[in-house]
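This report walks through the folded chain shown below, with attention to its charged pairs, one of its helices and a polar residue in a strand.

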Amino acid sequence: MASFDQKLRTLRLMEILLERTDDEHLLNASQLCAILEQEYGISTDRRTIYTEMEILDKFGLDVQQKKGKTPGYYIGARDFELPELKLLVDAVQSSKFITEKKSKELIQKLEKLCCRTDAKMLSKYVFIVNRPKTENETVYYNVDYIHTAIFENKEIRFHYAEWTIKKELKFKKDGDFYVVSPWALTWDDENYYLVAYDAAVGKIKHYRVDKMQDTEILETERKGEATFKNFDLPAFAKKTFGMYGGVDAEVVLECKNELAGVVIDRFGHDIWMIPKGEEHFKAKVLVSVSPQFFGWITGIGPGMKIVRPEEVRQQYKEYLKNVLENYREER
């Protein structure tokens, strides 16, 4: 029967290998003995180290041994490769709904998934200061409540806030609670959104998670199952700009050929596209017509225009007219 010290030695060795080794940074048996003695007060010998490496290998740790002039042990395959961790760090850094404090905490945890050398490399990619971040620390509790409510098939209620010109969050609906049935969480435009069913109006709505406060799980069961049975979240995200709702419409766009990538990136590869002459193409897309959609069209510039339906063309002209009114010179 292994003693307490023997079990602790095995765990410490695993920790040392995971934190300090890779294929370029090896530790031999003598070095491992020295670290155990000096840092943890655990005495051992090289022969015991060989046995411990076999135990860790059988446990499932990818313990590799290099022989030759500079022999040693190191961890081969890990759960996450360095490029994967860089992607996760980038996602945490760019997420507006994660506070600066929480971003740093999450990145520090991600750094523990690789050896110290790679962790130092990861830290060089961390640029959080002055990035737009939420100040609402309750966002993490909101996500937990939402997931729990979905799992338990319960409704939730919360206060919903908006920013004022004094840079203060003010509750909407005069402070009344919103009561909805949560069905999904989605990430759009660097923000986290709750997609839910509002039984009071019989509609699917979405809410910024970082603007939700005082969230509670109710005892009442969720509503809107029939509505969400055929709900396609990816399709919903494609047609909705900035998560602002509007009237759905099938819109035909005429675009310059160089904008093909822009259209495919936004709406996917399965959209209808045909050439129009040598320099243009037409694309038929399903969108939620809103000022945000018109803003997207405007931002792309004269290389894209709405061909039909005529009703949407006229709405867009009215949108541009109202924008230009802000820039008319005062007499």
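A salt bridge is counted here when a side-chain nitrogen of Lys or Arg lies within 4 Å of a carboxyl oxygen of Asp or Glu. By that criterion the structure, which is a predicted model, holds 12 salt bridges.

**Overall make-up**

The protein chain has 12 helices and 12 strands, and buried residues make up 37% of its 331 residues. Among the contacts between residues at least 6 apart in sequence, 64% join residues that are at least 24 apart. The chain exposes about 20900 Å², of which carbon and sulfur atoms supply 51%.

**Charged pairs**

Side chains of opposite charge can pair when their charged atoms come close. Three of the pairs are set out here, each with the separation of the closest N and O atoms.

| Acidic residue | Basic residue | Closest N and O atoms |
|---|---|---|
| E19 | R116 | 3.4 Å |
| E155 | K223 | 3.3 Å |
| D198 | K205 | 3.1 Å |

What does the salt bridge between E19 and R116 tie together? E19 lies in helix α1 (residues 4-20) and R116 in helix α6, so the pair ties together parts of the chain that are 97 residues apart in sequence. Both partners count as partly exposed, E19 with a relative accessibility of 28% and R116 with one of 44%.

The salt bridge of E155 with K223 joins a strand to a loop: E155 belongs to strand β3 (residues 154-163), while K223 sits in the loop between β8 (212-221) and α8 (225-229), so parts 68 residues apart in sequence are tied together. Here the partners fall into separate classes, since E155 counts as buried at 6% relative accessibility, whereas K223, at 38%, counts as partly exposed.

A similar division applies to the salt bridge between D198 and K205, in which D198 is buried with a relative accessible area of 11% and K205 is partly exposed with a relative accessible area of 29%. Elsewhere, K101, K102 and E105 are linked in a network of salt bridges.

**Helix α6 and its packing**

Helix α6, which spans residues 116-123, has D118, A119 and L122 as buried residues. Seen down the axis of α6, these buried residues fall within an arc of 105°, so they line one face of the helix. An α-helix has 3.6 residues a turn, so residues three or four places apart point the same way. The buried residues of α6 pack against α4 (82-94) and α5 (100-111).

**A nonpolar patch on the surface**

F80, L88 and L113 form a nonpolar patch on the surface, and together they have about 220 Å² of accessible area. Of these residues, F80 is found in the loop between β2 (72-75) and α4, where F80 is partly exposed with a relative accessible area of 32%.

**A polar residue in strand β8**

Is T215, a residue of strand β8, buried or exposed? At 8% relative accessibility, T215 counts as buried, because the cut-off for that class is under 20% relative accessible area. The side chain of T215 is joined to that of N142 by a polar contact of 2.6 Å. When neighbours within four places in sequence are left aside, T215 is in contact with N142, Y145, I156, R157 and F158.

Notes. Residues are numbered from 1 along each chain as its sequence is written. This is a predicted model: local features need pLDDT of at least 70, side-chain atom pairs count only at pLDDT 80 or more; totals for chains, interfaces and linings use all residues. Side-chain values use heavy atoms; hydrogens and water are left out. Buried means under 20% relative accessible area, exposed over 50%, partly exposed in between (1.4 Å probe, protein chains only). Helices (H or I, at least four residues) and strands (E, at least two) are DSSP runs, numbered from the N terminus. The arc is that of the directions from the helix axis to the C-beta atoms. Contact means heavy atoms within 4.5 Å. Patches are made of residues with over 30% relative accessible area and no salt bridge: like charges are joined within 9 Å, nonpolar side chains (Val, Leu, Ile, Met, Phe, Trp, Tyr) within 5 Å. Accessible areas come from the Shrake-Rupley method with a 1.4 Å probe; for residues, only the protein chains shown count as cover. A polar contact is a pair of N or O atoms within 3.5 Å; within protein, one must be able to donate a hydrogen and the other to accept it, and residues adjacent in sequence count only if both atoms are side-chain atoms.
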